[in-house]
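This report is meant for a reader who is meeting the structure for the first time. It begins with ring pairs, turns to single residues, and ends with the annotated regions and domains.

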Amino acid sequence: MDLAIIIIYTLALLLIFFYSISQLQLLLNYLKAKKQVDASEKFNLKDPSETPFVTIQLPLYNELYVVERLLKNIAKIDYPREKLEIQVLDDSTDESVAKIKSLVNQIQTTGLDIQHITRKDRSGFKAGALKEGLKIAKGEFIAIFDSDFLPKKDWLLQTVPYFKDPEIGVVQTRWGHINRDYSLLTKIQAFALDFHFILEQTGRNFGRHFINFNGTAGIWRKECILDAGNWSGDTLTEDLDLSYRAQLKHWKFKYLEYVETPAELPVAISAARSQQFRWNKGAAENFKKNFKKLLKDKSVPFGTKFHAFFHLLNSSMFLIILVLAVLSIPVLFIKNNNPQFGWYFNLVAFFLLSTVIFFLCYYAAYAKIHGKSFKSFLKFIGMFFTFFSVAMGFSVHNSLAVLEGHFGKKSAFIRTPKFNVSSLNDSWKKNIYIQQKFSLSIGVEFALWLYFGFGLYSAFMLNDFSLAIFHLMLFIGFGFVVFRSVRI
């Protein structure tokens, strides 16, 4: 039994180590990309003959609190009116339908080509709505924004020009966060998303590896969507699915780190849970659907396949971390009861290198946003350990999502409730879309909180503090997730 635990524990450490190596390469790519001068050929949008027709799609579903902010912001987009249309793809089932219709009618009086498009059912969910709108879209290029995004006035002027290269199928921009400092929960989410949008997207794009359209704040060439097989609702992350199918068709993606598109982060942990579940399950579904095709494609370089493996299995790291965490307490006792394994535990110390790599990678992204001062570095250290503590606290919830994805269990597309809050004075407690309910996973998380409390006690009992920091982070992370989940 002891040997089996050690073997599984070692395999988990190895997988995390190889994942960290993939991140290290992305860091090196990111640093190289910062030195590169962008020599892309671009459309001259001051020349009407070079200005293409653009359709903006706004997929909505019960967005009562943010729809007015969204539509008023989109109406300010700077682009020739004769070359622009806006599709409000409204699948709502509540009173927001009437509100949206009224707002669209008001905006139409300004001369903007904006249409309120509804469906009788939500078949295909967001993917189905985008596909339906595409049938009648006039634009050669299709920009997509979720309801909580607020693109700046010059967003199209900064993104459309890159499509002069006929091989580019997608231009994706970086997400910003209008309520980054609202709470510890929003700070943690921003920390993770900044890492993805600054280091991962830039690193993969520079290395000519597959990246993903992030579901919003990006623009597609209509021909690319159709050539790749159109939107499909058979996974919960239709954006990742179409991204991989398009790149397997050899379309190029362009990532613009310098173009920031502000958005609102979920402020309730229940909303963050639903969003995390959809993203993590969808990634696992896409690994199952698309990785075998990519692996067999001889035109795709090994490096791209390597990064795609960890890209699509990114969410599965939660399952690996959960296994590692649960086994860490038995390993502590095995270590103290079997001195003959001393050489093994000395060898395992090598895997601390993974933590060092993650530290460097996350700091590169953090410094881009917050600067490189000593004060900023100290704040980063605190946020680094806080983020990984809470991320591990989410590991049960996210592991369930991953397992459902890998085993093919189908579920509905659950939207993330939007709040329209940006300061501490804004309240969200009466949001009608919040569903605060006890679930089995919260019970398991509570049990693990107690379990890792025992792990801390064991350090003192055995006088072995080699895993004490790890168990403290797990104790804090599971405590945060449990106690934030059971109260409004």
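## Aromatic pairs

In this predicted model, the structure holds 53 aromatic pairs. One of them joins Phe333 and Phe454, whose rings are stacked, with 6.2 Å from centre to centre and 10° between the planes. This pair links distant parts of the chain, since Phe333 belongs to helix 11 (residues 317–337) and Phe454 to helix 16 (residues 440–462), and the two are 121 residues apart. Phe454 counts as partly exposed because its relative accessibility is 37%, a value that falls between the bounds of 20% for buried and 50% for exposed.

Another pair is formed by Tyr344 and Phe345, whose ring centres are 5.0 Å apart; their planes stand at 75°, and the pair is therefore edge-to-face, as planes over 60 degrees apart are counted that way. Tyr344, at 8% relative accessibility, counts as buried, and Phe345, at 14%, counts as buried as well.

## A charge over a ring

An aromatic ring also takes part in an arrangement with a charged residue: Arg122 lies over the face of Tyr61, at 3.5 Å from the ring centre.

## Asn290 and its surroundings

Asn290 is placed in helix 9, which covers residues 269–296. Is Asn290 buried or exposed? With a relative accessibility of 0%, Asn290 counts as buried, because the cut-off for that class is under 20%.

The side chain of Asn290 makes a polar contact with the side chain of Asp241, at 3.2 Å. When neighbours within four places in sequence are left aside, Asn290 is in contact with Asp241, Tyr244 and Arg245.

## Annotated transmembrane regions

An unreviewed UniProt entry lists residues 6–28, 308–331, 343–365, 377–396, 438–460 and 467–486 under "transmembrane region". Among these listed spans, residues 308–331 are 83% helix and 0% strand in the model, and the end C-alpha atoms of that span lie 32 Å apart. For residues 467–486 the chain is 90% helix and 0% strand, with 29 Å between the end C-alpha atoms.

## Domains

The domain assignment of the chain gives domain 1, made of 1–29 + 314–486, and domain 2, which covers 44–268. The C-alpha centres of domain 1 and domain 2 lie 31 Å apart. Where the two domains are in contact, 42 residues come from domain 1 and 43 residues from domain 2.

Notes: Residues are numbered from 1 along each chain as its sequence is written. This is a predicted model: local features need pLDDT of at least 70, side-chain atom pairs count only at pLDDT 80 or more; totals for chains, interfaces and linings use all residues. Side-chain values use heavy atoms; hydrogens and water are left out. Rings of Phe, Tyr and Trp (its six-membered ring) pair if their centres lie within 6.5 Å; planes under 30 degrees apart count as stacked, over 60 as edge-to-face and the rest as tilted. Helices (H or I, at least four residues) and strands (E, at least two) are DSSP runs, numbered from the N terminus. Buried means under 20% relative accessible area, exposed over 50%, partly exposed in between (1.4 Å probe, protein chains only). A charge sits over a ring if NZ of Lys or CZ of Arg is within 6 Å of the ring centre and within 35 degrees of the ring normal. A polar contact is a pair of N or O atoms within 3.5 Å; within protein, one must be able to donate a hydrogen and the other to accept it, and residues adjacent in sequence count only if both atoms are side-chain atoms. Contact means heavy atoms within 4.5 Å. UniProt positions are given in the numbering used here, feature names are shortened, and annotations may be inferred rather than shown by experiment. Domain bounds come from an automatic or database domain assignment.
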